[in-house]
Amino acid sequence: MSADIAWLLTRNTASYLVKRKGNENVQFSREKGNLLNKNSFKYSSVNPKAVFVSAAAKGVKIGVKRGAANKQFVQTKTVAHGGRRVVSASIKKMVQNYRPDLVKAALARGSRILDTKDQKKKRFPKLLRKKTVKA
């Protein structure tokens, strides 16, 4: 079955859909390979050339799906060291060659994942000054 037919059959009835009252303009999805969490074929993992960016234990995991028959993402890469620039460059390099239309969305997802992983600076409690007693 082609990916287009699979999308037409499952777009309104998938278990990943997020349905809210009063929000009929935009439908959201919780799929693994969906970069923007929008319910559309372009970002869906039903697409034979899907891309995903997710959090790993240390860093960011990037993956691509090759072919409609593959149900799993076959080429994955975990970027753990080097900071924000290295992670962004590796996301851009991997996605640019495969799906150039998803580069911006993949960079945004990777950036948000790195924001959640950043450690905040440790703040020390303010010390109160002791009152001096005059004798």
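A search of the whole structure, which is a predicted model, finds 3 salt bridges. The table lists each pair with the separation of its closest N and O atoms.

| Residue | Partner | Closest N and O atoms |
|---|---|---|
| Asp115 | Arg84 | 2.8 Å |
| Arg99 | Asp101 | 3.1 Å |
| Arg112 | Asp115 | 3.2 Å |

**Salt bridges**

Asp115 appears in two of the rows, with Arg84 as one partner and Arg112 as the other. Arg84, Arg112 and Asp115 are accordingly linked in a network of salt bridges. The pair of Asp115 and Arg84 ties together parts that are 31 residues apart in sequence, because Asp115 lies in helix H3 and Arg84 in helix H2. The pair of Arg112 and Asp115 stays within one element: both residues lie in helix H3, 3 residues apart, which is about one turn of the helix.

The members of the network can be placed by their accessibility. Asp115 has a relative accessible area of 33% and is partly exposed. Arg84, with 35%, is also partly exposed. Arg112 reaches 55% relative accessibility and therefore counts as exposed, the cut-off for that class being over 50%.

The pair of Arg99 and Asp101 has a closest N to O separation of 3.1 Å. Arg99 has a relative accessible area of 8%, and it counts as buried because the limit for that class is under 20%. Its partner Asp101 is partly exposed, at 41%.

**Chain and fold**

The protein chain contains 3 helices and 5 strands. Read from the N terminus on, the order of these elements is α-β-β-β-β-β-α-α. Of its 135 residues, 30% count as buried. Among contacts with a separation of 6 or more, 38% come from residues 24 or more positions apart.

**The sheet**

Three strands form an open sheet in the order S3-S4-S5, with antiparallel pairing. Its edge strands are S3 (51–55) and S5 (75–79), each of which pairs on one side only. On average, neighbouring strands of this sheet are turned by 15° against each other, direction ignored. Strand S4 (residues 60–64) pairs with S5 in the antiparallel sense over 5 bridges. Val60 has Val79 of S5 as its bridge partner.

Two helices pack on this sheet. Helix H2 (residues 83–98) touches S3, S4 and S5, and its direction makes about 5° with that of S4. Helix H3 (residues 103–117) touches S3 and S4, with its direction at about 5° to that of S3.

**Helix H2**

What span should the 16 residues of H2 have at 1.5 Å a residue? The expected value is 22 Å, and the end C-alpha atoms of H2 are 23 Å apart, which agrees.

The buried residues of H2 are Val87, Ser90, Ile91, Met94, Val95 and Tyr98. They cover an arc of only 115° around the axis, which puts them on the same side of H2. These buried residues pack against S3, S4, S5 and H3. On the other side of H2, the exposed residues are Arg85, Lys93 and Asn97.

Lys93, a residue of helix H2, has a relative accessible area of 61% and is exposed. Lys93 and Val103 are 10 residues apart in sequence, and their C-alpha atoms are 9.0 Å apart in space.

**Taken together**

Helix H2 joins several of these features. One side of H2 holds its buried residues, which pack against the strands S3, S4 and S5 as well as against helix H3. A salt bridge also connects H2 and H3, with Arg84 in the former and Asp115 in the latter.

Methods. Residues are numbered from 1 along each chain as its sequence is written. This is a predicted model: local features need pLDDT of at least 70, side-chain atom pairs count only at pLDDT 80 or more; totals for chains, interfaces and linings use all residues. Side-chain values use heavy atoms; hydrogens and water are left out. Two strands pair if DSSP finds at least two bridges between them. Helices (H or I, at least four residues) and strands (E, at least two) are DSSP runs, numbered from the N terminus. Axes are lines fitted to C-alpha atoms, for helices over the stretch in contact, and angles run from 0 to 180 degrees between N-to-C directions. Contact means heavy atoms within 4.5 Å. The expected span of a helix is 1.5 Å times one less than its number of residues. Buried means under 20% relative accessible area, exposed over 50%, partly exposed in between (1.4 Å probe, protein chains only). The arc is that of the directions from the helix axis to the C-beta atoms. A salt bridge is a side-chain nitrogen of Lys or Arg within 4 Å of a carboxyl oxygen of Asp or Glu.
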